[in-house]
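Dear colleague,

Please find the structure below, followed by a short account of what was found in it.

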Amino acid sequence: LSHALGAPGILVHGGAGPHRGPGRDEKLAGCVAAADAGWRVLSAGGSAVDAVEAATRVLEDDPLFDAGYGSYLNRDGIVEVDAILMDGRDRRFGAIAAVRGVRAAVSLARHVMDQSPHAMLAGAGAERFALEMGLDVPADSLISPGALALWQAPQAGLGIAAAPTEGEVGDTVGAVARDGLGHVAAATSTGGTRHKWPGRVGDSPVVGSGAYADDRSGAVSCTGHGESIMRICMAFVAHHALLTGRDPVEAAATAVQELAGLAGGQGGLIVIGSDGRIGWAMNTEAMPVAWHTTGGAGSAFDQARGPVGERLHGPAVTA
Ligand code: ASP
């Protein structure tokens, strides 16, 4: 397959979920700012890996999203983040899971990929690595007033049986990009689900579930109910659909259909093809997205239901 020059592009998401209540415009603005940050990297000739890292960092710093600062608290009132970054050139990735006291989770994942012989680090060992990389911060500094207020809601004292329901997912972040050399990359970053059990890890840092990138197919970042997404390896489902000739919109819809077929799993995903076209789908109320390609920039929050219940959308931009 060819990796033609040209046609850079970036697409970001701010989580599939109910997104009820205020904040719609602010979340869209956050996604636009992230896509812009990624686009600045791409238009300066930067790599897809650099672009998805830059975009994701913007969303990690934004308290409206469940990643970095503003992440949902676990049942003990502590933020534990998960993240992955994957390079489509050689399918190397770095991932971190159940890490406390790291705001730039996606950058820690990148350091795992670039600076360690490993692919995934979890818990205390990942925190020690963050310290060596100069990325650690006081754990309390990840707690936003909004996330604290949510945590103080009544569920806080309940046991593991009262784990969050699918309706409570949302606000996880991710980015996919294709650079001017034809390479793709994906990133996903999250604080996980509200009131999760300490040590709980969802799909986000799991390769092939929360993200996938392969120059032959494209790049994918997923969001939604992690326990369901992992069962179908949702990012890999989309990757496989691309490899077998589906366009990014079809690939995203295929993945959501497979998720929904699994006891009504809830979620969504963003996809950029190896040719720079983009697409996304979700079966939740909303999933804020923003993109910037040579074909133009835009954003979207929710869309009409598709024929099988997924909220199908994607301008199928040919960049
Ligand atoms: N997929 C994430 C998780 O299960 C949550 C989300 O996307 O909102 O941790």
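The shell around the ligand holds one nonpolar, seven polar and two charged residues; here Ala, Val, Leu, Ile, Met, Phe, Trp, Tyr, Cys and Pro count as nonpolar, Asp, Glu, Lys and Arg as charged, and the others, Gly among them, as polar. This is a predicted model, in which local features need pLDDT of at least 70 and side-chain atom pairs pLDDT 80 or more, while totals for chains, interfaces and linings use all residues. Residues are numbered from 1 along each chain as its sequence is written, and side-chain values use heavy atoms, without hydrogens and water.

Among the residues surrounding the ligand (a heavy atom within 4 Å of it) are Val 169, Arg 200, Asp 203 and Ser 204. Three distances to oxygen atoms of the ligand may be noted:

- 3.1 Å from a polar backbone atom of Gly 170;
- 2.9 Å from a polar side-chain atom of Thr 172;
- 2.7 Å from an N or O atom in the side chain of Thr 223.

Taken alone, the ligand exposes 270 Å², and the protein buries 100% of that (Shrake-Rupley method, 1.4 Å probe).

The largest nonpolar core (buried nonpolar residues, under 20% relative accessible area, joined through side-chain atoms within 4.5 Å) has 43 residues, and Ile 10, Val 12, Ile 96 and Leu 108 have the most contacts inside it. Apart from that core lies another, of 40 residues, including Val 184 and Met 234.

Yours faithfully

Conventions:
Buried means under 20% relative accessible area, exposed over 50%, partly exposed in between (1.4 Å probe, protein chains only). A polar contact is a pair of N or O atoms within 3.5 Å; within protein, one must be able to donate a hydrogen and the other to accept it, and residues adjacent in sequence count only if both atoms are side-chain atoms.
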